[in-house]
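I opened this notebook to record what I looked up in one structure, entry by entry. Each entry takes up a single topic.

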Amino acid sequence: MVHAHFSEGALSASLQALHLQAFLGIVAALLIGGMVKGVVSIGVPLVAMPILTLFLPVKQAVLLLSMPIILGNIPQALEGGKTWQTAREMTAPLIGTVLGNIFGVTVLISLAPRHALAAAGAVLIFATLLMLASPKLKFSPAMEKPAGFVLGFGAAVMESIASVPGPLLAMYLIATGATGKAFTKRIAIILVVSIVTLIVVLGRGMHASWLDLVVSAAASIPVIAGIVLARPLRDKLPPLAFRVLVLLFVLGAAVQMVRKSGVL
């Protein structure tokens, strides 16, 4: 039974109530997420989230993953300079991201634990199918801003409920013609703004503490370790085949999340 002392923070209180095996399971989830990202550049949350929900409530799992995402994307957001200019060019998706997180966190906090688990599983299933399908869209200049707002909002809702904003953001940026370093910089800027908003809104709603943020930051260590360990494999395994296998694993885990919730 978890005895949550909100002065300690919702996340730190939940972790203190866990057995050693569960704690090791959380570290393993973060390590595996990092290893997969190191090989195929797939988002850590997409892989780690289904495993983390075996040991933590969805709300705490989302909070745990927040700082690893920020710390992993800040260097990419600053790379090459002109960060402020790039951010100004993406006003529409950034506004959508802020509003989407406010809406998404409000929904997440209001949900009962089993409904939150079911919602997170459903979002993961949608995100996985989206990445497997890899739809190729192309937005006209007139459509870029409205599409950016809508997809930024949708990505932030997915971030709030299941920590997986990547698929919608990637689809938007590819459809606007962003590639290479420009793609990496733009998605990193959006993710940093998104997660900062998420931490502020979710932290207040869940009574999260500074200790929770320190714990979340410490969760970056196994993620980085996984990325470093997997780098030698990056050039040896067929990336497309590995990506498909990972996404199929995530799809299966997400289906289990929905089944575990008992909603269906």
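The entries below follow the order in which I consulted the model, which is a predicted one.

**Entry 1. Helix 3**

I began with the cover of helix 3, which runs over residues 44-52. I found nine of its nine residues buried, and the helix is mostly covered. The buried residues are Val44, Pro45, Leu46, Val47, Ala48, Met49, Pro50, Ile51 and Leu52.

**Entry 2. The nonpolar cores**

I next looked up which residues have the most contacts inside the largest nonpolar core. This core has 65 residues, and those with the most contacts are Leu46, Leu52, Val58, Leu124 and Val164. I then followed Leu124 and set aside residues up to four places away in sequence. Leu124 touches Leu46, Met49 and Pro50, and also Ala162, Val164, Ala254 and Met257. Leu46, Met49 and Pro50 are among the buried residues of helix 3 noted above.
I also noted a second, separate core of six residues, including Met67, Ile69, Ile70 and Ile195.

**Entry 3. Helix 5 and the loop after it**

Met67, Ile69 and Ile70 led me to helix 5, where they are among the buried residues. The others buried there are Ser66, Pro68, Asn73 and Ala77. Helix 5 covers residues 66-78, 13 residues in number. From its first C-alpha to its last it reaches 19 Å, close to the 18 Å expected at 1.5 Å a residue.
Just after helix 5, I found Gly80 with a positive phi of about 85°. Lys82 lies in the loop between helix 5 and helix 6 (83-89). Its phi is near 55°, a positive value in a residue other than glycine. I marked this because most residues other than glycine have a negative phi. With a relative accessible area of 62%, Lys82 is over the 50% cut-off and therefore exposed.

**Entry 4. Aromatic pairs**

How many aromatic pairs does a search of the whole structure find? It finds one. The partners are Phe103 and Phe153, with ring centres 5.8 Å apart. Their planes stand at 35°, so I entered the pair as tilted. Phe103 belongs to helix 7 (residues 91-110) and Phe153 to helix 9 (residues 141-162), so the pair ties together parts that are 50 residues apart in sequence.
I also looked up the accessibility of both rings' residues. Phe103 counts as partly exposed at 45% relative accessibility. Phe153 is partly exposed as well, with a relative accessible area of 28%.

**Entry 5. Helix 8 against helix 10**

I turned to helix 8 (residues 113-133) and helix 10 (residues 166-175). Their axes come within 9 Å and cross at roughly 35°. Helix 8 contributes Ala127, Leu130 and Met131 to the contact, and helix 10 contributes Pro167, Leu168 and Met171. By class, I recorded six nonpolar residues in this contact, no polar ones and no charged ones.
Is helix 10 mostly covered or mostly open? I found it mostly covered, with seven of its 10 residues buried. They are Pro167, Leu168, Leu169, Met171, Tyr172, Leu173 and Ala175. Just after helix 10, Gly177 takes a positive phi of about 90°.

**Entry 6. Phe183**

I looked up Phe183, which lies in helix 11 (residues 180-206). Leaving aside its neighbours within four places in sequence, I found Phe183 in contact with Ala170, Leu173, Ile174 and Ala178. Phe183 and Leu173 are 10 residues apart in sequence, and their C-alpha atoms are 6.5 Å apart in space.

**Entry 7. Three further residues**

Ser12 has its place in helix 1 (residues 10-16). It is buried, with a relative accessible area of 3%. Not counting residues up to four places away in sequence, Ser12 touches Ser209, Leu211 and Asp212.
His115 is found in helix 8. At 34% relative accessibility it counts as partly exposed. I noted 17 Å between the C-alpha atoms of His115 and Leu202, which are 87 residues apart along the chain.
Lys37 lies in helix 2 (residues 20-40). It counts as partly exposed, at 33% relative accessibility. The C-alpha atoms of Lys37 and Ile102 are separated by 28 Å, and the two residues are 65 residues apart along the chain.

How values were computed: Residues are numbered from 1 along each chain as its sequence is written. This is a predicted model: local features need pLDDT of at least 70, side-chain atom pairs count only at pLDDT 80 or more; totals for chains, interfaces and linings use all residues. Side-chain values use heavy atoms; hydrogens and water are left out. Buried means under 20% relative accessible area, exposed over 50%, partly exposed in between (1.4 Å probe, protein chains only). Helices (H or I, at least four residues) and strands (E, at least two) are DSSP runs, numbered from the N terminus. Rings of Phe, Tyr and Trp (its six-membered ring) pair if their centres lie within 6.5 Å; planes under 30 degrees apart count as stacked, over 60 as edge-to-face and the rest as tilted. A nonpolar core is a set of buried Ala, Val, Leu, Ile, Met, Phe, Trp, Tyr and Cys residues joined through side-chain atoms within 4.5 Å. Contact means heavy atoms within 4.5 Å. Axes are lines fitted to C-alpha atoms, for helices over the stretch in contact, and angles run from 0 to 180 degrees between N-to-C directions. Ala, Val, Leu, Ile, Met, Phe, Trp, Tyr, Cys and Pro count as nonpolar, Asp, Glu, Lys and Arg as charged, and the others, Gly among them, as polar. The expected span of a helix is 1.5 Å times one less than its number of residues.
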